[in-house]
Amino acid sequence: MSAMTQYDLHTHSTASDGSLTPTQLVARASEQGVTHLALTDHDGTEGLDEASTAAEQYGITLIPGVEVSVSWHGATVHIVGLQLDQQNQALQSGLGALRDYRRERARKIADKLEKAGIPGALEGAAQYASETMLGRLHFARFLVEKGHARDMKDVFNRFLVKNKPGYVSGDWATLEQAVTWIREAGGQAVIAHPARYKMTNSKRRRLVAEFKSLGGEAIEVSSGNQHPEEVRVMAKLAEEFELLASCGSDFHSPDNNWIELGKMTTMPPFVTPVWTQWQ
Ligand SMILES: [Zn+2]
Ligand SMILES: [Zn+2]
């Protein structure tokens, strides 16, 4: 009998916008047969201590991680950090600045909506998320609930986007900052869900090239609920740019029936998994 390993290197807990506590997440991962789990909450590592204690109880390996928000040529891009030292000063001060920015941005969005005749948006959106995690999606839910828009699609046609009420341009970390913070904390930088960004293929290739030149090490070849053909295309991209390959479900909540911990399309054999660098 060979020992089975199952990696899930991209997940969220209540320490950001996930619905399970770090302990519940680890328990579910263990049930699903995950042997190596990375907790990668948005712009924060607060869940790692609890996750690490739980991982010990359940006998699985916890990989300390984070998912850093980046603004890159008008697009919001996510960079996952794996195997990092959460005590690192450069990392923590960078993440702290991002959380401050998120709070400030939420206030700006609310102010702009108020000027457009929609009061109470900050309090309204805060029903759906903690103050430090408030994002456009929570404002969108508020706008639908209050009848200002029919549905989410309608919101993003008429609000919160360029030249419409409630728009605030993204001003997250630079790509260089994100990669540098992760590297200074001894971690590996990984481009999260590269297929999900709404950008042309040539722009995506420029992103990968720049990321590589800054010291980025891997891309997520397989993400939750991703089509096998898309996984193949991302694997080719990893191969071409000589980047390591990562895989992660991007699990947020059991309510999403399409995404489960540890369930992803298997990566093609020609890529080099990111964990081959771990001892
Ligand atoms: Zn993401
Ligand atoms: Zn994520």
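Author: A helix here is a DSSP run of H or I with at least four residues, and helices are numbered from the N terminus. The model discussed below is predicted.

Reader: In which helix is Arg107 found?
Author: The model places Arg107 inside one of the helices numbered in this way, not in a strand. The name of that helix is α3.

Reader: Is Arg107 buried, exposed or partly exposed?
Author: A residue is buried with 20 or more other C-beta atoms within 10 Å of its own, and exposed with 12 or fewer. Arg107 has 13 such atoms, so it counts as partly exposed.

Reader: How far apart are the C-alpha atoms of Arg107 and Leu134?
Author: Along the chain, 27 residues separate Arg107 and Leu134. In space, their C-alpha atoms are separated by 9.5 Å.

Reader: At what angle do helix α3 and helix α7 pack?
Author: Two packed helices are described by the angle between their axes and the distance between the axes. Helix α3 covers residues 89-115 and helix α7 covers residues 175-184, with axes 7 Å apart. α3 passes α7 in a left-handed crossing. The packing angle is about 145°.

Reader: Which residues in α7 are met by Ala90, Leu91 and Gly94 of α3?
Author: By class, this contact between α3 and α7 has four nonpolar, two polar and one charged residues. On the α7 side, the residues met are Gln177, Trp181, Ile182 and Glu184.

Reader: Is Lys236 buried, exposed or partly exposed?
Author: Lys236 is found in helix α9, residues 228-240. The C-alpha atoms of Lys236 and Val271 are 8.1 Å apart, although the two are 35 residues apart in sequence. Lys236 has 14 C-beta neighbours inside 10 Å, and therefore it counts as partly exposed.

Reader: Which strands stand at the edges of the sheet?
Author: The sheet is open, with mixed pairing and the order β1-β2-β3-β4-β5-β6-β7. An edge strand has a single partner, so one of its sides is left without a neighbour in the sheet. The strands at the edges are β1 (7-8) and β7 (244-248).

Reader: How many bridges join strand β3 to strand β4?
Author: Strand β3 covers residues 61-72 and strand β4 covers residues 75-82, and the two run antiparallel. One bridge pair is Val70 with Val77 in β4. The number of bridges joining β3 to β4 is eight.

Reader: What angle does the direction of helix α2 make with that of β3?
Author: Helix α2 (residues 48-58) packs on the sheet, where it touches β2 (36-39) and β3. Its direction makes an angle with that of β3 of about 150°.

Reader: Which residue of β6 stands opposite Ile191?
Author: Ile191 belongs to β5, which runs antiparallel to β4, joined by four bridges. In that pairing, Ile79 stands opposite Ile191. β5 and strand β6 (residues 218-223) run parallel, joined by two bridges. The residue of β6 opposite Ile191 is Ile219.

Reader: Which residues of strand β5 point the other way from Gln188 and Val190?
Author: In a regular strand the side chains alternate between the two faces of the sheet. Strand β5 covers residues 188-191, and these four residues are buried. Those that point the other way are Ala189 and Ile191.

Reader: What is the radius of gyration of the protein?
Author: The protein has 279 residues, and 44% of them are buried. A compact globule with that many residues would have a radius of gyration near 19 Å. The protein's value agrees with this, at 19 Å.

Note on methods
Residues numbered from 1 in each chain as written. Chains lettered and ligands numbered in written order. Predicted model: local features only at pLDDT ≥ 70, side-chain atom pairs only at ≥ 80, totals over all residues. Axes fitted to C-alpha atoms, helices over the stretch in contact; angles between N-to-C directions. Left-handed = near helix turned anticlockwise from the far one by under 90°. Contact = placed C-beta atoms within 7 Å. Nonpolar A, V, L, I, M, F, W, Y, C, P; charged D, E, K, R; others polar. Rg over C-alpha atoms; globule rule 2.2 N^0.38 Å. Pairing = 2+ DSSP bridges.
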